[in-house]
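Here are my comments on the structure, set out as numbered points. Please read them with the sequence and the 3D view open.

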Amino acid sequence: LGVLYTFNIIYLIKMLQQTRDQFIQLFHNTPVLVSSPGRINLIGEHTDYNDGFVLPAAIDKRIIYAVALNGTNKCNAYAAFNKEQVSFDLDAVKPTPGWINYLLGVVDQLQKRGYKVPGFDCVIAGDVPVGAGLSSSAAVEGGLVAALDHLMGYALSRMDMALIGQKAEHTFPGVQCGIMDQFANLHGKKDQVMLLDCRDLTYTYYPFNFPNQKIVLCNSMVHHSLASSEYNVRRQQCEAGVKILQAAYPQVQSLRDASMEMLEAVKDKLDNIVYKRCAYVIAEIARVQQACDYLQQGNLQEFGKLMYATHDGLSRLYEVSCPELDYLVELAKQRPEVAGARVMGGGFGGCTINLVQEDQVAAYTTYIRDRYQQKFGKVPEIYVTSIEEGVQVQ
Ligand code: GAF
């Protein structure tokens, strides 16, 4: 473990140095460096925009920013992942296709809230895989807002930064996401998971209390182009369910306030698809609270069962899985070294999250790679993650 930790630190330092060097080469200035992590979520999927609970953590995959003010009214941004440089005028911020949209969205939100955004140069690098459900977009948003906050002294709280990132995502890329990803990116703590109440935004840290277990992510390498539009549809379906529930139970402001009994009582008024979406969310909100108890008790087996139950609901009721992800979870179920597995994040591709006995991780990795490749003809990427700090500016 000590070796893995040292390796992680050396790797991070190397990424930071490379990003700084690239910045100096391109912009001939000294930047601040920001490390902005991706996230995992142990349980609580599609619950955040229903005012429910989530249990995420920041991880050792990061977007790295090098940023400096440039004394102009322009932003010049270079993305290492596709070696593309894009510039935009700070007086004409508008949605624009491509990765730059995430930066534009953040700048727009800051401007709308009355914060002066001066011209800046930046290099964006890092190792969060794009489209893998590890929330590279929240990492890009959180990294920029933290960098500008540092350079300009806005004195934003971490929660303000998260809310700015979320709103940027709503208004520019147009994904009506909940708060989980931006929250986790900015509030992560080493070896701690966070139970966030997405209604009042209060949260508690809990140690990841499963000794000798590793969090292993299996990337299906599937990236569904409908992910954002289908995500928004799921949100609308939940809202449609709330409307019907509200007519019978005025106290129901969101699915957080509903029980399965209430849902059953209005079932004949609900479209079948809406019923299935609501049934999943109501059960999932309850599972998160139960899972958190198991985590505190160190009850790995029961925690793992809940993860499998979540997958089942996401696949059959919420319909955000796909054959590749279902297969990865089926493979996990056949292995005694895996306590639980499920699709993670928005779905329609990306990763499964697996809790795997540490001394079996190598064997499990080989097993998954071989079977998956045989069935789907592509090699899954597998990441053995650790839980790390949220955004850091240096
Ligand atoms: C995506 C969203 F951005 C989150 O807000 C959350 O809803 C998640 O999907 C599903 O739990 O990552």
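1. Two residues are taken to be in contact when their C-beta atoms, placed from the backbone, lie within 7 Å. By that criterion, and leaving out residues up to four places away in sequence, Y203 touches H187, M194, L195, L196 and D197. The model is a predicted one.

2. Y203 belongs to strand β8, residues 202-207. Is Y203 buried, exposed or partly exposed? A residue needs 20 or more other C-beta atoms within 10 Å to be buried, and 12 or fewer make it exposed. Y203 counts as partly exposed because it has 17 C-beta neighbours inside 10 Å. As for long-range position, Y203 and D359 are 156 residues apart along the chain, and their C-alpha atoms are separated by 32 Å.

3. The open sheet has 6 strands, in the order β5-β4-β6-β3-β1-β13, with mixed pairing. The edges are β5 (84-89) and β13 (392-393); each has a single partner strand, so one side of each is left without a neighbour in the sheet. Within this sheet, β4 (residues 74-79) and β6 (residues 120-126) pair in the parallel sense over 5 bridges. In that pair, C75 stands opposite F120 of β6.

4. Strand β10 covers residues 338-343, and 6 of its 6 residues are buried. Its partner is β11 (residues 349-357), which runs antiparallel to β10 and is joined to it by 5 bridges. A341 stands opposite N354 in β11. The hairpin of β10 and β11 has 5 residues between the strands, and there G345 takes a positive phi near 85°.

5. G345 also appears in the surroundings of the ligand. Which residues are around the ligand? They are E45, H46, D48, Y49, S135, C177, G178, M180, D181, G345 and G346. By class, this shell divides into 3 nonpolar, 5 polar and 3 charged residues.

6. Helix α9 (residues 300-316) has the length expected of it: at 1.5 Å a residue its 17 residues should span 24 Å, and its end C-alpha atoms are 24 Å apart, which agrees. Its buried residues are F303, G304, L306, M307, T310, H311, G313, L314 and S315. An α-helix has 3.6 residues a turn, so residues three or four places apart point the same way. The buried residues of α9 pack against α8 (272-297), α10 (323-333), β10 and β11, which ties this helix to the hairpin of point 4.

7. Helix α4 (residues 158-171) passes the same kind of check: its 14 residues should span 20 Å at 1.5 Å a residue, and the end C-alpha atoms are 20 Å apart, in agreement. M161, A162, L163, I164, G165, Q166, A168 and E169 are buried in α4. Among the elements covering them are α2 (100-112), α3 (136-152) and α5 (180-187).

8. Two annotations come from UniProt, both from an unreviewed entry. "Domain: Galactokinase N-terminal" is listed for residues 22-68. In the model that stretch is 13% helix and 53% strand, with its end C-alpha atoms 13 Å apart. "Domain: GHMP kinase N-terminal" covers residues 101-188 according to the record. That span is 58% helix and 8% strand, and its end C-alpha atoms lie 25 Å apart.

Conventions
Residues are numbered from 1 along each chain as its sequence is written. This is a predicted model: local features need pLDDT of at least 70, side-chain atom pairs count only at pLDDT 80 or more; totals for chains, interfaces and linings use all residues. Helices (H or I, at least four residues) and strands (E, at least two) are DSSP runs, numbered from the N terminus. Two strands pair if DSSP finds at least two bridges between them. A residue is near a molecule or strand if its C-beta atom, placed from the backbone, lies within 6 Å of it. Ala, Val, Leu, Ile, Met, Phe, Trp, Tyr, Cys and Pro count as nonpolar, Asp, Glu, Lys and Arg as charged, and the others, Gly among them, as polar. UniProt positions are given in the numbering used here, feature names are shortened, and annotations may be inferred rather than shown by experiment. The expected span of a helix is 1.5 Å times one less than its number of residues.
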